[in-house]
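Here are a few notes to read alongside the model. I hope they help as you look through it.

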Amino acid sequence: GTRGSSRDYGVHSCEGCKGFFRRSIQQKIQYRPCTKNQQCSILRINRNRCQYCKLKKCIAVGMSRDAVRFGRVPKREKAKILAAMQSVNARSQEKAVLAELDDDTRVTAAIIRAHMDTCGFTRDKVAPMLQQARTNPSYTQCPPTLACPLNPRPVPLHGQQELVQDFSERFSPAIRGVVEFAKRLPGFQQLPQEDQVTLLKAGVFEVLLVRLAAMFDARTNTMLCLNGQLLRREALHTSVNARFLMDSMFD
């Protein structure tokens with residue numbers, strides 16, 4: 001057809017084709033079937049000869065029916081339509097999540113499997129280290145600023161920057177494990193992405209503390225570090241934050 005003068009309904013089109021496509025969609029026109037096996041060549045000189053093939057070509061090159069329906073709708077009406085569409089999508093997502101959670105036995109099994117596959121501190125994995133520590137205990141002194149069971153070399157830290165760097169190095173892999181765990185939970189992937197992020201922000205440290213519970217030995221009131229050394233509960237009196245963490249885990 002004529003060289004495109006503007007981008008309409010998703011593609012560059014001339015005024016004639018734009019008007020033809022709009023009328024065809026809005027009026028729901030059913031054109032007489034093509035007599036040449038629907039293989040007419042739509043050119044500028046013959047574009048009005050077969051309207052059936054002309055409409056077919058408009059759709060084939062990417063002209064959008066939805067753009068015709070919504071293109072001239074007043075803003076208020078368009079907002080209502082979009083809100084209705086979003087409501088339908090939300091209900092569909094809710095149904096998908098509920099379908100994932102309808103079998104308690106399957107959900108429980110999926111949660112356990114996700115935990116075992118993504119956690120490096122399960123009781124089975126920590127048990128050999130804990131048994132070795134009980135048999136030949138080696139105790140370490142509490143760092144004055146931070147105590148962390150993920151620290152393989154508990155040493156005093158100095159300065160805010162050093163604290164932040166150490167925290168990032170110790171906890172980032174564990175937090176990535178929590179994120180991977182969440183992705184494997186039934187229904188989680190069906191939630192909108194912003195809801196997934198909100199849930200992770202709200203619960204990541206609670207999940208992490210539960211995962212680290214295996215590093216705490218209630219029998220001996222000690223915390224196991226990754227280097228196999230033990231930290232006594234009473235040794236935390238110099239670190240208020242660490243003492244609060246230890247007391248919370250044991251109590």
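**Notes on the predicted model**

1. Let's start with helix H2, bearing in mind that this is a predicted model. Cys 53, Lys 54, Leu 55 and Cys 58 are the buried residues to look at in H2. What do the buried residues of H2 pack against? Their partner is H1. Just after H2 comes Gly 62, which has a positive phi near 110 degrees.

2. The loop between helix H1 (15-26) and helix H2 (51-60) deserves a look at its backbone, and Lys 28 lies in this loop. Lys 28 is not a glycine, yet its phi is positive, at about 50 degrees. Most residues other than glycine have a negative phi, so you may like to look at this one yourself. Lys 28 is exposed, because its relative accessible area of 67% is over the 50% cut-off.

3. Asn 37 also sits in the loop between H1 and H2. Here phi is positive at about 60 degrees, although Asn 37 is not a glycine. Is Asn 37 buried or exposed? With 66% relative accessibility, Asn 37 counts as exposed.

4. Now to the charged pairs. How many salt bridges does a search of the whole structure find? The search gives 4. As background, side chains of opposite charge can pair when their charged atoms come close.

5. One salt bridge joins the side chains of Lys 18 and Glu 15, at 3.0 Å from N to O. Lys 18 and Glu 15 are 3 residues apart in helix H1, so about one helical turn separates them. In an α-helix, residues three or four places apart point the same way. As for accessibility, Lys 18 is buried, with a relative accessible area of 12%, whereas Glu 15 counts as partly exposed at 47%.

6. Asp 117 and Arg 184 form another salt bridge, and their closest N and O atoms are 3.5 Å apart. This pair links distant parts of the chain, 67 residues apart: Asp 117 is in helix H5 (residues 104-118), while Arg 184 is in the loop between helix H7 (160-183) and helix H8 (193-211).

7. Arg 184 has a further salt-bridge partner in Glu 180, with 3.2 Å between the closest N and O atoms. Which residues are linked in a network of salt bridges? They are Asp 117, Glu 180 and Arg 184. Within this network, Arg 184 counts as partly exposed at 40% relative accessibility, and Glu 180 is partly exposed with a relative accessible area of 32%.

How values were computed: Residues numbered from 1 in each chain as written. Predicted model: local features only at pLDDT ≥ 70, side-chain atom pairs only at ≥ 80, totals over all residues. Heavy atoms only, no water. Helix = DSSP H or I, 4+ residues; strand = E, 2+ residues; numbered from the N terminus. Buried < 20%, exposed > 50% of the residue type's maximum accessible area, 1.4 Å probe, protein only. Contact = heavy atoms within 4.5 Å.
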